[in-house]
Amino acid sequence: MDTLTGKRLLILGLARQGLALAKFATAVSASVTISDLRPADQLQNELAELASLPIKFVLGVHPPSLLDKADVLALSGSVPLDAPFVQDAVRRGLPLTNDSFEFLQRAPCPTVGITGSAGKSTTTTLLGLMGEKTGRTTWVGGNLGRPLITHLAEIQATDFVVQELSSFQLDLWKASPAICAVLNITPNHLDRHKTMENYAQAKANSLRFQQAGDTAVLCADDPGAMALAPLVKGRLRTFSAQQVVQDGAFVQENQIWLADGAGKHTAVCALSDIQLRGTHNVLNVLAATTLADSAGLPHTAVSAAIKAFTGVEHRLEPVCLVNEVQYINDSIATAPERALAALAAFEREPLILLAGGRDKNMVWDTWAATVAQRVKHVILFGDLAPLLADHLGRAGRTAEVTTALSLEDAVTISAKLAQPGDVVLLSPGGTSFDAFPDFAARGERFRQLVRRIS
């Protein structure tokens with residue numbers, strides 16, 4: 001019998017995560033109600049997918065009376081903890097949960113968790129490839145791709161599971177993965193968390209509930225990540241692109257090395273074997289290497305995966321070369337720090353930057369100062385365009401600035417401006433929600449527009 005069996009589960013939000021949890025919960029004989037603020041005509045695909053299941057739907061509103069008949073409240077990622085409906089549930093003593101937390105509690109094998117402000121998707125995908133190179137059945141999901149609870153019945157004790165974790169998911173967690181990395185903590189999602197302290201505390205839940213036999217992996221080069229070191233109850237491992245670490249992964253003499261904490265250093269591969277651009281991606285490789293070693297993966301599999309890995313979609317992804325102009329899709333850059341990492345990956349090439357989207361109450365001063373000096377031409381689009389134009393103006397810009405009506409207009413303008421040898425880089429810095437459902441949809445639209453030009 002599952003802990004949800006017979007319980008009245010109320011799910012807020014009928015998106016990817018809510019769908020997955022609803023299917024699982026009905027399969028274990030929970031009584032499921034789903035409430036979404038969208039009306040039925042905007043949820044036709046989701047409703048059709050659940051049509052055969054005994055689920056009650058309350059759409060267009062979250063009436064407080066729903067809590068009268070609930071034992072557990074599950075939140076989709078878009079629902080903040082400070083929402084009045086959620087706060088009412090807390091006052092009533094209802095436990096909060098989500099699909100990723102329910103999966104963690106039931107996973108038949110140890111789960112490796114990965115969180116951070118940037119680099120999660122790259123590190124998670126690479127670690128998954130390392131697992132595959134061992135020949136073990138490997139599952140990768142969570143905030144990235146599929147909700148893993150969908151496949152819970154298929155996962156075996158000998159499998160390898162990697163879970164990408166966002167602050168939205170971690171906000172309500174009361175458990176932590178046996179092996180978990182915090183890659184970095186820099187300002188992000190402040191529209192949701194309000195303060196850096198709240199944001200960092202959400203990330204800290206990935207380590208807060210670990211036990212003495214567990215392993216925490218932190219970036220030695222990131223003060224925000226290292227600030228969580230006092231929470232570590234078990235083994236603390238670190239990774240660094242700047243210094244030799246005692247237990248973890250580091251760079252020395254153009255090699256990636258692993259230190260076992262007892263004085264032994266093992267060469268994993270040459271730095272030149274990494275096919276990804278930028279120092280930030282070296283850090284992602286070091287993080288994945290440390291996690292793989294912590295999970296007992298052989299170094300041969302780690303090395304083979306690094307050599308084979310060409311990156312993830314929408315992260316510094318080459319789209320095509322048009323008239324000797326390279327178009328790069330970095331739509332996943334939804335914070336100024338991510339966009340700055342993308343700029344740093346191009347050391348010499350003349351850059352035309354496409355920036356904009358929607359803001360998350362972020363600080364743009366450093367971004368503006370760097371862009372003003374490094375970028376040849378900035379094309380701004382979306383809700384953020386006026387704010388970014390103002391910051392660039394105050395930065396004493398040397399870059400030319402054009403404001404576009406949309407992403408489509410921005411790509412058209414870039415094609416007219418670009419000269420042979422230029423790089424047109426979509427690295428927005430803002431979220432996609434002013435015009436697209438997510439960064440992937442924005443990146444796919446960019447691909448289509450560029451290929452139309454070609």
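Leu 316 is buried in this predicted model, with a relative accessible area of 11%. A residue counts as buried when its relative accessible area is under 20%, so a value of 11% places Leu 316 in that class. The residue sits in the loop between H11 and E15. Its backbone also deserves a look: phi of Leu 316 is near 45 degrees, a positive value in a residue other than glycine. As background, most residues other than glycine have a negative phi.

The loop holding Leu 316 also contains His 314, since both are placed between helix H11 and strand E15. Helix H11 covers residues 299-308, and strand E15 covers residues 317-322. His 314 is not a glycine either, yet its phi is positive, at about 70 degrees. With a relative accessibility of 4%, His 314 counts as buried.

Positive phi values turn up beside two helices as well. Helix H1 runs through residues 16-27 and has 12 residues. From its first C-alpha to its last, H1 reaches 17 Å, close to the expected 16 Å. Helix H1 is mostly covered, with 9 of its 12 residues buried. These buried residues are Gln 17, Gly 18, Leu 19, Ala 20, Leu 21, Ala 22, Phe 24, Ala 25 and Thr 26. Just after the helix comes Ser 29, whose phi is positive at about 70 degrees.

Helix H5 invites the same kind of reading. It spans residues 120-133, has 14 residues, and reaches 20 Å between its first and last C-alpha atoms, close to the 20 Å expected. Because 11 of its 14 residues are buried, H5 is largely enclosed by the rest of the structure. The buried set includes Lys 120 and Ser 121, the three threonines Thr 122, Thr 123 and Thr 124, and also Leu 126, Leu 127, Gly 128, Leu 129, Met 130 and Gly 131. H5 is followed by Gly 135, which has a positive phi near 90 degrees.

Strand E2 and the loop after it offer a helpful contrast between cover and exposure. Ile 34 lies in strand E2 and is buried, with a relative accessible area of 0%. Leaving aside residues up to four places away in sequence, Ile 34 touches Ile 11, Leu 14, Ala 22, Leu 50, Ile 55, Lys 56, Phe 57 and Val 58. One of these partners, Ala 22, is among the buried residues of H1. Gly 18 is another buried residue of that helix; its C-alpha atom is separated by 8.1 Å from that of Ile 34, and the two residues are 16 apart along the chain.

Leu 37 lies in the loop between strand E2 (31-36) and helix H2 (44-49). Whereas Ile 34 is buried, Leu 37 is exposed, with a relative accessible area of 54%. The cut-off for exposed is over 50%, so 54% puts Leu 37 in the exposed class. Leu 37 touches Gly 60, Val 61 and His 62, again not counting residues up to four places away in sequence. Between the C-alpha atoms of Leu 37 and Ser 331 the separation is 27 Å, with their positions 294 residues apart along the chain.

A loop can also be covered, as Thr 431 shows. This residue lies in the loop between strand E20 (423-429) and helix H16 (439-453), and it is buried, with a relative accessible area of 6%. Beyond residues up to four places away in sequence, Thr 431 touches Thr 334, Gly 356, Gly 357, Arg 358, Lys 360 and Arg 442.

These local pictures fit into a chain with 16 helices and 20 strands. The radius of gyration of the chain is 23 Å, close to the 22 Å that the globule rule gives for 454 residues, so the chain is as compact as a globular protein of that length. Along the principal axes, its C-alpha atoms fill a box of roughly 65 × 60 × 35 Å. Buried residues make up 55% of the 454 residues. Of the contacts between residues at least 6 apart in sequence, 65% join residues at least 24 apart.

The outside of the chain can be described too. About 18500 Å² is exposed, and carbon and sulfur atoms supply 52% of that area. The chain has 40 positive and 44 negative side chains, and the centres of the two sets lie 2 Å apart.

Definitions and conventions
Residues are numbered from 1 along each chain as its sequence is written. This is a predicted model: local features need pLDDT of at least 70, side-chain atom pairs count only at pLDDT 80 or more; totals for chains, interfaces and linings use all residues. Side-chain values use heavy atoms; hydrogens and water are left out. Helices (H or I, at least four residues) and strands (E, at least two) are DSSP runs, numbered from the N terminus. The radius of gyration is taken over C-alpha atoms; the globule rule is 2.2 Å times the number of residues to the power 0.38. Buried means under 20% relative accessible area, exposed over 50%, partly exposed in between (1.4 Å probe, protein chains only). Contact means heavy atoms within 4.5 Å. Accessible areas come from the Shrake-Rupley method with a 1.4 Å probe; for residues, only the protein chains shown count as cover. Lys and Arg count as positive and Asp and Glu as negative; His and the chain ends are not counted. The place of a charge is taken as NZ of Lys, CZ of Arg, CG of Asp or CD of Glu. The expected span of a helix is 1.5 Å times one less than its number of residues.
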